[in-house]
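Me: I would like to go through the empty spaces and the ligand site in this model. Could we take them one at a time?

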Amino acid sequence: MAHRVTVIPGDGIGPEVTAAARLALDATDAGIEWIEAAAGAGALDTHGALLPEETLDSIRQTRAAIKGPITTPVGTGFRSGNVALRQELDLFAAVRPARTLPGVPVRHRGVDLVVIRENTEDLYRGIEFERGTREAGALRAKLRDLAGFEVREDAGITVKPISVAGTRRIVYFAFDYAQWNHRRTVTVGHKANIMRYSDGLFLETAAEEAANHYGAEYREMHIDHLSMRLAREPQAFDVLLLPNLYGDILSDLCAGLVGGLGLVPGANIGWEYAVFEPVHGSAPDIAGKGLANPTAMILSGAMLLRHLGEQRAARAVEEAVDAVLAAGRVRTPDLGGDSTTAQVGEAVAAEVRRLPRG
Ligand code: ATP
């Protein structure tokens with residue numbers, strides 16, 4: 001086998017969409033040996049941890065993984081398995097392409113966007129103080145001492161750190177991505193007029209770093225204005241470079257623009273490792289029923305193939321997805337069809353096999 005890849009089926013609809021994606025990827029000639037590993041609520045039962053050490057070790061060995069969505073059971077005191085995975089492996093960049101797919105009913109045609117989201121900082125850093133705790137009280141007192149800030153006694157507090165080093169590398173990554181993928185503009189979304197020392201720093205650092213790159217044009221836009229423009233005229237945008245929280249929100253917005261969560265792939269990438277996963281969550285409402293659309297997971301697999309240097313196989317999977325969607329005979333209920341998750345996987349795999357090789 002040419003490549004070893006860790007595969008994490010995950011929770012909810014995860015195992016179903018992962019199985020479908022494996023069908024499609026195994027139909028290419030990329031030669032992937034799958035190393036199964038566990039994470040999420042299921043892993044808590046079988047391994048006693050949301051993110052077992054052996055799963056991290058597997059990814060450290062294979063360097064690339066494909067992962068279904070995982071859930072973090074509420075009220076167990078565990079931090080999110082997704083956030084932990086990104087932090088443990090320093091997967092600082094989330095890449096989420098959203099493009100119009102053939103045969104999918106949408107409001108806007110010709111959308112071709114890529115969200116690049118900073119993955120490790122911002123309000124997702126997990127620096128939180130619960131209302132009424134001793135620590136929250138001490139922080140309130142400190143804030144008063146330091147600068148006269150009065151925070152209400154009944155407030156919970158989440159801290160938003162954004163660093164120069166953390167920003168510099170995501171900006172570098174975004175411009176590098178733009179260059180390799182023939183993208184023309186990189187638009188930074190921010191709220192620097194309100195959060196001067198976090199978003200302000202992000203913006204200032206982005207502008208400085210952008211000056212070192214010539215491939216794509218650099219633009220800046222307030223995040224609220226950007227949201228409005230995206231809803232009205234998404235074709236005007238290309239790469240969107242966003243701090244963590246805005247990136248999370250606008251990823252779903254962009255998914256909505258091209259037909260829904262079942263269609264949008266993603267990757268979490270660091271200097272050393274890469275984990276490919278759809279933007280959607282575990283969707284417990286439709287889990288185990290064969291209703292989930294595996295397209296997002298299959299297209300995440302195409303991104304994995306490209307990352308492995310298997311350009312031709314990646315293109316074959318994307319073309320096969322397009323062909324199945326365009327034909328419209330095999331589609332899951334979210335797209336108005338009555339096919340199962342597995343049937344979509346089989347149809348894409350059959351199409352991959354039909355495409356000319358070499
Ligand atoms: P989580 O807590 O893991 O994020 P969630 O249910 O809150 O899960 P998502 O799973 O991202 O959030 O999705 C929200 C809804 O979108 C789901 O309840 C489901 O109805 C729909 N959905 C998500 N992914 C798919 C998919 N692949 N195919 C069809 N519908 C989907």
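Me: Which residues line the largest cavity?
Reply: Its lining consists of Asn293, Thr295, Val324, Leu325, Val330, Arg331, Thr332, Leu335 and Val344. On a 1 Å grid over the protein atoms alone, a cavity is a set of points where a 1.4 Å probe fits but cannot get out, and lining residues have an atom within 4 Å of a point. This is a predicted model, in which local features need pLDDT of at least 70 and side-chain atom pairs count only at pLDDT 80 or more, while totals for chains, interfaces and linings use all residues. Residues are numbered from 1 along each chain as its sequence is written, and side-chain values use heavy atoms, with hydrogens and water left out.

Me: What volume does the largest cavity have?
Reply: About 30 Å³, where a volume is the space filled by probe spheres set on the points, and grid points are joined across faces, edges and corners. The structure holds one cavity of 30 Å³ or more.

Me: And how do the residues of that lining divide?
Reply: Five are nonpolar, three polar and one charged. Ala, Val, Leu, Ile, Met, Phe, Trp, Tyr, Cys and Pro count as nonpolar, Asp, Glu, Lys and Arg as charged, and the others, Gly among them, as polar.

Me: On to pockets. What is the volume of the largest pocket?
Reply: The largest pocket has about 870 Å³. Val95, Tyr177, Asn181, Met303 and Arg306 are the closest to its centre, out of 29 lining residues. A pocket is an open set of points with protein on both sides within 12 Å along at least five of seven lines.

Me: Which element gives the most to that lining?
Reply: Helix 6, with five residues. Strand 4 (93-99), strand 5 (112-118), helix 10 (295-307) and helix 11 (311-327) are among the elements that each supply at least two. The lining of the largest pocket has 19 nonpolar, four polar and six charged residues.

Me: Where is the ligand, then?
Reply: The ligand takes up the space of the second largest pocket, whose volume is about 520 Å³. A molecule sits in a pocket if more than half of its atoms lie within 2 Å of the grid points. Of the 30 residues lining the second largest pocket, Pro69, Val279, His280, Gly281 and Ser282 lie nearest its centre.

Me: Which residues come nearest to the ligand itself?
Reply: Gly281, Ser282, Ala283, Asp285 and Asn293, out of 14 around the ligand; a residue is near if one of its heavy atoms lies within 4 Å.

Me: What about N or O atoms of the backbone close to a ligand oxygen atom?
Reply: One in Gly281 lies 2.6 Å from an oxygen atom of the ligand, and one in Ala283 lies 2.9 Å from a ligand oxygen atom. In the side chain of His280, an N or O atom is 3.4 Å from a ligand nitrogen atom.

How values were computed
Polar contact = N/O pair within 3.5 Å; in protein donor to acceptor, adjacent residues only side chain to side chain. Helix = DSSP H or I, 4+ residues; strand = E, 2+ residues; numbered from the N terminus.
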